[in-house]
Amino acid sequence: MPGAEHRGYARFTGTAGGGCRVQVDQLVETAEQAAFMLRAWGFVLGRLVAGAALLRGGAGAGLGEPPPGPAAG
């Protein structure tokens, strides 16, 4: 898994408070790969949140919040 390429799709949606919701969808073949990607994207998106907070000069809202689960349907 590490170092392997997997296509991902990122969606950025503006929020009412002036922020942005980021959703990443990525297809993998096994539960082990899914668990790895969940941790990896959590790390990447956590750094994105922290970097955005630094650019705003603030503390990073949502840093301790888990990502929402998959959409129903």
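Let me start at the end of the helix. Just after H1, Gly57 takes a positive phi of about 80 degrees. Keep that residue in view while I go through the rest.

First, a caution. This is a predicted model. The chain averages a pLDDT of 77. Of its residues, 74% score at least 70. Where pLDDT is low, the predicted coordinates should not be read in detail. Among the elements, strand S1, residues 8–14, has the highest mean pLDDT, at 89. Strand S2, residues 20–26, has the lowest, at 85.

Now the layout. The chain has 1 helix and 2 strands. Read along the sequence, the pattern is β-β-α.

On to the helix. H1 covers residues 31–56, which makes 26 residues. How far apart are its end C-alpha atoms? They are 37 Å apart. At 1.5 Å a residue, the helix should span 38 Å, so the two values agree.

Which residues of H1 are buried? Gln33, Met37 and Ala53. What covers these buried residues includes S2. For the chain as a whole, 5% of the 73 residues count as buried.

Next, the strands. S1 and S2 run antiparallel, and 7 bridges join them. They form a hairpin, with 5 residues between the strands. In that turn sits Gly18, with a positive phi of about 90 degrees. So much for the turn.

Let me walk the pairing. Gly14 of the hairpin stands opposite Cys20 in S2. Gly8 stands opposite Gln26 in S2.

Stay with Gly8. This glycine is found in strand S1. Gly8 is partly exposed, at 37% relative accessibility. How many residues separate Gly8 and Gln26 along the chain? The answer is 18, yet their C-alpha atoms are separated by 4.4 Å. Leaving out residues up to four places away in sequence, Gly8 touches Asp25 and Gln26.

Step back one residue, to Arg7. Arg7 lies in the segment before S1. Is Arg7 buried or exposed? Exposed, at 64% relative accessibility. From Arg7 to Gln26 is 19 residues in sequence. In space, C-alpha to C-alpha, the pair is 6.3 Å apart. Setting aside neighbours within four places in sequence, Arg7 is in contact with Asp25, Gln26 and Leu27. Asp25 and Gln26 are touched by Gly8 too.

That brings me to charge. Side chains of opposite charge can pair when their charged atoms come close. How many salt bridges does the count give here? It comes to 1. The partners are Arg11 and Asp25, whose side chains meet at 2.3 Å, N to O. Arg11 lies in strand S1 and Asp25 in strand S2, so the pair ties together parts that are 14 residues apart in sequence.

What about exposure at that salt bridge? Arg11 is partly exposed, at 43% relative accessibility. Asp25 is partly exposed as well, with a relative accessible area of 30%. Asp25 therefore falls in the class between buried, which is under 20%, and exposed, which is over 50%.

Two totals before I finish. The accessible surface of the chain comes to about 6000 Å². Carbon and sulfur atoms account for 61% of that surface. Then contacts: take those in the chain with a separation of 6 or more. Residues 24 or more positions apart account for 18% of them.

To recap. An antiparallel pair of strands, S1 and S2, is joined by 7 bridges. One salt bridge links Arg11 and Asp25. Helix H1 has Gln33, Met37 and Ala53 as its buried residues, with S2 included in their cover. And just after H1 comes Gly57, with its positive phi.

Key: Residues are numbered from 1 along each chain as its sequence is written. Side-chain values use heavy atoms; hydrogens and water are left out. pLDDT is the predictor's confidence in each residue, from 0 to 100. Helices (H or I, at least four residues) and strands (E, at least two) are DSSP runs, numbered from the N terminus. Two strands pair if DSSP finds at least two bridges between them. A salt bridge is a side-chain nitrogen of Lys or Arg within 4 Å of a carboxyl oxygen of Asp or Glu. Buried means under 20% relative accessible area, exposed over 50%, partly exposed in between (1.4 Å probe, protein chains only). Contact means heavy atoms within 4.5 Å. Accessible areas come from the Shrake-Rupley method with a 1.4 Å probe; for residues, only the protein chains shown count as cover. The expected span of a helix is 1.5 Å times one less than its number of residues.
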